[in-house]
Amino acid sequence: MTVEYVLLLSLFVLFMMGTLIKGPYNAFENAGPKLAARIEKHLITGDGFTDKSGNRVEWQGDE
């Protein structure tokens, strides 16, 4: 009976470790290009920036 518990526990640990390691990697692979395009758009247009309190930051041009 102990052998079954050890095998079941080891399979559970292997499954959880696989999920914890591959999950963030897959999420970044799928969302990375979209996030990069969004950041590039904000840098080009100067839009969408906020400070720590959530207030919009106005673009400071050369005057």
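Biologist: At which residue does H1 bend by about 45 degrees?

Modeller: This is a predicted model, and its helix H1 changes direction by about 45 degrees along the way. A proline, Pro33, follows within four residues of the bend. The residue at the bend is Ala31.

Biologist: How far apart are the end C-alpha atoms of H1?

Modeller: Let's start from the expected span: H1 has 44 residues, and at 1.5 Å a residue they should cover 64 Å. The distance between the ends agrees with that, at 63 Å.

Biologist: Does H1 lie largely in the open or largely buried, and how many of its residues are buried?

Modeller: A residue counts as buried when its relative accessible area is under 20%. H1 lies largely in the open, because among its 44 residues the number buried is 2.

Biologist: Is Val13 buried, partly exposed or exposed?

Modeller: Val13 sits in helix H1, which covers residues 2-45. Val13 also helps make a nonpolar surface patch of about 830 Å², along with residues including Leu9, Phe12 and Met16. Buried means under 20% and exposed means over 50%; Val13 has a relative accessibility of 42%, so Val13 counts as partly exposed.

Conventions. Residues numbered from 1 in each chain as written. Predicted model: local features only at pLDDT ≥ 70, side-chain atom pairs only at ≥ 80, totals over all residues. Heavy atoms only, no water. Patch = residues over 30% accessible without salt bridge, like charges linked within 9 Å, V, L, I, M, F, W, Y side chains within 5 Å. Areas by Shrake-Rupley, 256 points an atom, 1.4 Å probe, with all protein chains shown as cover. Salt bridge = Lys/Arg side-chain N within 4 Å of Asp/Glu carboxyl O. Buried < 20%, exposed > 50% of the residue type's maximum accessible area, 1.4 Å probe, protein only. Expected span 1.5 Å × (residues − 1). Bend = angle between axes of the 7 residues up to and from the residue.
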